[in-house]
Amino acid sequence: MTTPRTPAPAPAPAPAPVTPSLSPHTARRRFVTVSVLYWLPVGLTIAPLILLFTERGMALTAIAGFFAAHSLTAAALELPTGGLSDVIGRRTVLAAAGLLGLAAFTLQGLGTTAWVLALGMALMGAGRALSSGPAEAWYVDTVQAHAGPDAELRTGLARAGTATSAALAAGTLLGGGLPWLLGLGPGQGPDLGTRLSDATSGLVLPLSVPSLLAGVLEIVFVLYVLTALPEPPRPRVTLRAVLRGIPVTVAEGLRLGGRDSLVRRILLSAGAAGAALAVLELLTPGRAAGLTGAAESGAVVFAGLACAGFVCSAVGNHLAPLAARVAGGGERAVLLSLGSGAAGLLLLGVTATGGGPVALVGGAMGFGLVYLGLGAAGPNENDLLHRRVTGAGRATALSVQSLALQLVAALAGLAISTLPTGPAPWLVGGGVLLGGGLLWAGGPSRAPEMRRVPEAAK
């Protein structure tokens, strides 16, 4: 799903704009709502998207190219767009992400040629990069403006993570079931899906409907962002100042991992999580098809597993504050959570060649344990991260974290594909995630906080 020296300091910048008028409770509720509105459309397309591309006559190699366009665009824009949010504001960047999502889902639902579908996937990647960090940065800025830098953040981060996973789970079920429901005829005459396809000369297929519905929800997302996430007016900046400010902010975000051991642990843990997710996403569909004996029924099983994984992730997010209290701190909670996820992957490896109900139950338990552990680790890691950065570089730091996850996931997917089938890929993924957890076995980190990012010259 990895540094040059600090330049001569410019005049001290003003703190990042915040919104002190909202209470932490209100900010948390709006952050949760934004998380649901952003990820529900994504969930709608998880199950039908590849089938839609196939229905449009695209070969498997072309489909792989579409997803590569998404991943490469997201990776290329991850840091610049994080810096953009720190320079021009959270709300503007989030609204732009929603508009790109609207365009992407529309092209995916209506596109019939390879270049249109590739463009839709690239726009989705650009929107994903834009959305990585601004909402969370807005929430933390707002809460800290109201309650100070030591404000309690973990609960809000956990609830937003729970809401994200729940939205993905609900979207996956709805997106997978809607085309099937459209194909149910009354027993006489063509079903609704066939009539829809005939009426649009094949432009709108039943498999297109989830993507088009996702586009409608993106409009709701944009309107909510513009009305519910207030920010004080930022100082007017020229295009030249924006372009100059982004590289400075990005460079400071990259430097942070080099000089702060705790942030370095967070980035390495994000990479380990990316490797674990790559193993699950690459190997689970084939394992599901092997259990059922057919690709079609395996796809249904995988959709159910994906939904169950999101539910387990939601539970893990919800339990993150409890995990921190039981473990005696956020760092120990991350250690236990990543260790649990690693145990799940190792269990999947042990049962990879087995048959019968024992292997089936063990594999299902391992799958759920991975998502549960990763879900519990996330809010605790981000709570630690936000106490290390200032508002001026918060979205950039989140983008660096996201980039570490995505890059390692891509590399891990390539590496794992070269391993022989069987336990080996699962065990390698479990070992990587266990290594990420063991990074937290040392004492608490007391590295200095992130320095404020120099303001771009006007």
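Colleague: Is G176 buried, partly exposed or exposed?

Modeller: Bear in mind that this is a predicted model. G176 sits in helix α7, residues 154-182. Its relative accessible area is 38%, and the range between 20% and 50% has its own class. So G176 counts as partly exposed.

Colleague: And how far apart in space are G176 and P210, C-alpha to C-alpha?

Modeller: Along the sequence, G176 and P210 are 34 residues apart. In space, C-alpha to C-alpha, the separation is 8.3 Å.

Colleague: What about S35, buried or exposed?

Modeller: S35 belongs to helix α1, which covers residues 24-46. Beyond its sequence neighbours up to four places away, S35 touches A160 and T164. The cut-off for buried is under 20% relative accessible area. S35 comes in at 8%, so it's buried.

Colleague: Which helix gives the most residues to the largest nonpolar core?

Modeller: That core has 36 residues, and L280, L338, L345, L374, L385 and L433 have the most contacts inside it. The elements giving two or more residues are α11 (261-292), α13 (330-350), α14 (356-386), α15 (394-417) and α16 (423-438). The top contributor gives 12 residues, and that's α11.

Colleague: Which leucines does L338 touch, leaving out residues up to four places away in sequence?

Modeller: L338 is one of the residues with the most contacts inside that core. Its partners include S269, A377, E381, G436, G437 and W440. The leucines among them are L374 and L433.

Colleague: How many residues are in the other core, the one with Y38 and W39?

Modeller: It lies apart from the largest core, and A167 and V225 are also among its members. Its residue count is 34.

Note on methods. Residues numbered from 1 in each chain as written. Predicted model: local features only at pLDDT ≥ 70, side-chain atom pairs only at ≥ 80, totals over all residues. Heavy atoms only, no water. Core = buried A, V, L, I, M, F, W, Y, C linked by side-chain atoms within 4.5 Å. Buried < 20%, exposed > 50% of the residue type's maximum accessible area, 1.4 Å probe, protein only. Helix = DSSP H or I, 4+ residues; strand = E, 2+ residues; numbered from the N terminus. Contact = heavy atoms within 4.5 Å.
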